[in-house]
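Work through the exercises below with the sequence and the structure at hand. Try each task before reading its solution.

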Amino acid sequence: MASTTSSPLVVIVSGGGPVGLTFSLNIAAMMGKHVKIIIYEGRWFVDEHGITRWQGEEQGNIRRDQVVTLQDHVIEQMPTFIQEGLFQKINERVWPTSRNIPIREVEDRLLDLIQPFVQNSQVELIPEQLNEQSRHLIEGDFDVLVGADGSNSFVRRYCNIQMISEGIEYACGVAYNIPEDVPPLDGPLHQALNCILTISQTRYLLNSSASRRGYLNIRLIQNEYEELRECLQPFQNRNASLNLLDYDKCPCSPVWSIVRQGLDFFKISAKYVIRVVPIEINVRHASIVVRELRFEINKTQPTALASNNLTSATENVSGSEKKQFKTMLAFLAGDAAMNVHFWPGRGMNSGMKAAMTLARNIFRTCTSTISPYSIEVRTPLRFLDFLDYEGFMARLRAREQQGRSLRILMDPIDTSVGGAYTYPHLQPCYKTYTKNLYEKLKETRLRLDQRSDWPHQTKSVTDEELQSAYKRINPNAVAQLSLANPWPTREMSGTEVLVEDSFPFKQEQFLPVPTIGEVTLDRPPSKIIQHHFLILCITGDNMSENTKKIIDSIKTSPKFTNPSTTAHELHVVSTIEEAQEWIAKNNERLGKQGILFKVITTWSLNKEKTAVDVIRAVRAGASHIPVLILTDKSEETQSALDFPNVITTYEVYEVNAFVGINQETQWNPGCPVSPKKNSPYTSDSSQSNHSTISTATMSKNPITTNQISTQSQIKQKEIQTKKNKFQQFGITVAGRNGNGHKLNQLYNPEGIFIDNDKSIYIADFFNHRIVKWKLNSNTGQVIAGGNGKGSENNQLDCPTNIIYDKRKDSFIISDWENKRVIRHFDQNQTNPQIIISHTNCFGLTMDKNGFIYVSDRGNHEVRRWKQGDKKGELVAGGNGEGNHLNQLDHPTYIFIDEDYSLYISDERNHRVMKWKKDAKEGIIVAGGNGQGNSLRQLSCPEGVIVDHLGQIYVADSGNDRIMRWCEGDEEGEIVVGGNGWGNQSNQLRCPTGLLFDNEENLYVVDSQNHRVQKYEKL
């Protein structure tokens, strides 16, 4: 039960970058003394005057060089003192309705702006990276935990929140700084010309500050990216600088030519380049952004609980000790919640929007609804009070990822790169490419000049300047830029997701900034240390091959082998007894400052011991040790998750993050470029393993046991015990050789049937045939059609489905374009029987009486056919195209259960309908909330089947995933897929048919990957 308290709301923020500081400044300026904010950031240090600052090169940190574009509609929602302070030194308009600013300038200004709140003790800055053994997480003395700690978020892992990937792109970042006193020939281009050159093609993107300090993003195809990593690796291994003017070390190879041509296009001399960075852009988002945490606190409580924030459980045998739980909320913001594409520079804007929205949601929750609307801190905060934040983030994700990032991912540069290598050096081709590029540049110039908000109205870009740009680059680069589409700025424009629409807030409501006094405290600066990871791995009696691979990859990581650094340590033992012996022997080391001791174990060590026994044993000697359990069977591990600081995973990147291997690939520090004398700036990695010894007072008696669990996790575990789980990586059992008409190929397959021998019968849509793939076969066998598109007896035209009639030992085939359903006897291919004519047949199913059901896409209905029927009996729809409960809109696949209830994929209504026997209208059992990709929505559903538990499986074709719904649920869950549109083994592209075999393995027709995937039941 929540209670009003005079104590402030205690907020822990992980990450002191722009997003974390924006959140902290906003909530501090709204709630004043009613909030206490503690910010953890491992890239800070405390100087000799007691001021927290960003680590620089002297402290071993590499700061970031990117220049970001901050949108006006974002900045205008911030308190006035932030608006003025942020652009105090640099206030430059480059793109419409926005301002350009170096990211390090944003970091420095925001850290300066928070100092008054630090001095009045409203904010505490801790120059450490939050980790499992941080004091606040051990003691649980907080109300809110905010993860603003980047795409490799610790808070997200700590809360066991999954990320969903939409796709990956690759890039190269080139940082440069052109001094003021360079010769005119080396001077930078005007910003207006930089904008025109950038928008007109999708290979290079330049964003700069005052045209002198900037960042050139270069889109790469995967092969180019891998070549770049390979070229940089020798320099990184030697911790050496590269020099683009040194053609012996950086020769005219393809990738270095791409870099140099980009610099030439924007007239940037290679001598002013200061860093080259490989960038892997994983466009992904968190499955949820709000999670309820429950800490179990064991204390002796002979009387009533001291705080309403704690709830009691069962007494122990002696009656003196009770289990107590404290409830908190955890939130994600910025890259921790959502990664977006670097164009058009949306990441920081999205992160700041999320930060302000979360601050306003917390303020609203803590504000009385009765005049005078004073702040009343009621703890614990309720999960339901933050549904608006979850909804805002869903809309923001739809706008930034679906509306912007995915438009870039769906327009890869592979085609233009490949096409550019075809005769660009021949004069006729070169003239054509040059003309095309010149026309694109002029069209962009005209479009920008016509905008009333174009910041460069007084600067006219001449034809000669446009011509000089393409004359500076070689024919191959001209061809690439000519063939590459312009950035889709028009398609990505539209209605913004605005903070004020969800949480309006007036400037006059912000509290005054505290008066800052003079800092006179002199003291030694904080000592910069590197956390030293001690990893103990307990493998059990029989180590699996996958576990061995994971351990070997840790052992060979530079973090564990590089002699130039204080290498982390990995120790491997087999049994719990060996682990206890190792801990006793190293007990003194484990308690030292800067040592992070962690344990990795498999779930089952032998027939008698599990990870639960490991946790109890290792924590008997060292409490609160973080434990990671290697398993892909999370449903077995609930008993282990009852302990605090326990993670279960089988994902390599999560294991790497746990052991301190930096996985922040999006902001790889890259390689510095010599000579460095041209610039005082060096780059920065957004994630660093550096931390400092905190100046905060630490408790000498920390420690009560805490337990993290969540209400949703507990509920989910109860449900999961009844549900099948499947391997997330599919096995290709048919196809796998691209689209085509050969017997080892498929072409947009649709429905399937599987017999008891696990032979698969496939409606091979564009090959106009039915093919049989026997178990473990590499090719198929044509059993119907395969004689070209047509309507003869031995031909099919775009078949969509196939079922088996065991009574007559024959197959029923939906011959869609021929508008007929045929019966085919396996041994008599040339004499099929036409059993239904003149129907827009698509889906087929058969009930236990042998009656055939056919979905008619054109007439938006389903009919039941008995032997001899000429028209069939209407059983669903038939009331015209529409979205009422008695209507359908292009029904596709259908399924009938033992009770004669019919399940229909209502494709263009983006829902699955259930029509009970003799019903006049259906009920929605999946989707029905409009087209979309949330767990409440479907997008063009196709295959549908129902298992023995009544759980409905749907091929969510437009979202490239398979969903499972239980009737009555408000949302479904992803069973397989959902990892973006692609052809990897954990990805799908427009799945269609679904079926189980007799062992309950799931088969999915991966239509646009032209294959059938098998997902084995776990």
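**Exercise 1. Describe the span that UniProt lists as "repeat: NHL".**

Step 1. The unreviewed UniProt entry gives residues 987-1018 for this repeat; positions follow the numbering used here, feature names are shortened, and annotations may be inferred rather than shown by experiment. Residues are numbered from 1 along each chain as its sequence is written.

Step 2. The model is predicted, so local features need pLDDT of at least 70 and side-chain atom pairs pLDDT 80 or more, while totals for chains, interfaces and linings use all residues, and side-chain values use heavy atoms, without hydrogens and water.

Step 3. The span is 0% helix and 50% strand, where helices (H or I, at least four residues) and strands (E, at least two) are DSSP runs numbered from the N terminus. Its end C-alpha atoms lie 19 Å apart.

**Exercise 2. State the strand order of the open sheet that contains β47, and find its edges.**

Step 1. Strands of a sheet pair through backbone hydrogen bonds, either parallel or antiparallel. Here, two strands pair if DSSP finds at least two bridges between them.

Step 2. The order of the four strands is β26-β49-β48-β47, with antiparallel pairing.

Step 3. β26 (731-735) and β47 (991-996) each have a single partner strand, so one side of each lacks a neighbour in the sheet. These two strands are the edges.

Step 4. Inside the sheet, β48 (residues 1002-1006) and β49 (residues 1011-1015) are joined by five bridges. V1005 is opposite V1012 in β49.

**Exercise 3. Decide whether S134 is buried or exposed, and list its surroundings.**

Step 1. S134 belongs to the loop between β8 (123-126) and α6 (135-139).

Step 2. Buried means under 20% relative accessible area, exposed over 50%, and partly exposed in between (1.4 Å probe, protein chains only). S134 has 5% relative accessibility, so it counts as buried.

Step 3. Leaving out residues up to four places away in sequence, S134 touches Y40 and Q129; contact means heavy atoms within 4.5 Å.

Step 4. A polar atom of the S134 side chain lies 2.9 Å from the backbone nitrogen of N131.

**Exercise 4. Explain why helix α4 is largely enclosed by the rest of the structure.**

Step 1. Helix α4 covers residues 103-113. Its buried residues are I103, R104, E105, V106, E107, R109, L110, L111 and L113.

Step 2. Nine of the eleven residues are buried, so the rest of the structure largely encloses α4.

Step 3. For the protein chain, 58% of the 1018 residues count as buried.

Terms used
Polar contact = N/O pair within 3.5 Å; in protein donor to acceptor, adjacent residues only side chain to side chain.
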